[in-house]
Amino acid sequence: VGKTMTVNDIVNQYYPEVFKIYEPADLVAFAKQVNDGDQFACAVLDDDIALSGNWTPIGHNDHSKHFRGIFNGQGHTISGVILKTGDYIGFFNSCYGATIKNLTVKNIALSDETKKKQGYSIIGVAYGSTLTNLKAEGTITAYAKFGAIATIADSTVFTACTNAANVTNLLYDHLTQGGISCCAYNATFDSCVNMGTLYAVA
């Protein structure tokens, strides 16, 4: 009887090159690789990363530029994420059939021009993706819809995901928010928890 292939087996067979990330420049290069069209790029994070300056999210809300690969944070933390561009902005803007796991993102902020955009989370929009052991920490200021792990999720599986960030939503006419996700359709949640405070200005 042959071995049943996992998603990782398939990716390793057809996309054997894994991007290893040790420092901020590596992370920027990986984001550019995905956003330039390499949707199935795969990466592992080999150290904690402290970002400075505006962050351009990984993947676009465009069918040809979703992130579709595997990102394994290996238990490391990315901090200092200042979001600048995107429709549903997050560290990842848009994912489709992606696997993102074992990652903590701490302290998400916005540049002035991104206020009143949707999101500000680890993932802006996740379609048919697998999200495992993701954690948001620190403080987040939101101005619209917000979910700490994935703002919008469609047919996505969340496993062991945690929001430990304290969130303040300052835009009173967009108060839809959730600790894990604010808009989830046909999604599955297993062993997920919100430990942070969600505060909305009425």
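These are my notebook entries on the overall make-up of the chain and on its salt bridges.

I kept in mind that this is a predicted model, where local features need pLDDT of at least 70 and side-chain atom pairs count only at pLDDT 80 or more, while totals for chains, interfaces and linings use all residues. Residues are numbered from 1 along each chain as its sequence is written, and side-chain values use heavy atoms, with hydrogens and water left out.

I looked up the secondary structure and found two helices and 19 strands in the protein chain, taken as DSSP runs numbered from the N terminus (helices H or I, at least four residues; strands E, at least two).

I then turned to burial, and 46% of the 202 residues of the protein chain count as buried (under 20% relative accessible area, with exposed over 50% and partly exposed in between, using a 1.4 Å probe and protein chains only).

For contacts (heavy atoms within 4.5 Å), I noted that among those between residues at least 6 apart in sequence, 82% join residues at least 24 apart.

Next I looked for salt bridges (a side-chain nitrogen of Lys or Arg within 4 Å of a carboxyl oxygen of Asp or Glu), and the count came to two.

One salt bridge joins D36 to K32, with the closest N and O atoms 2.7 Å apart; D36 is exposed at 54% relative accessible area, and K32 is exposed at 52%.

Another salt bridge joins E137 to K135, with the closest N and O atoms 3.2 Å apart; here E137 is partly exposed at 23% relative accessibility, and K135 is partly exposed at 28%.
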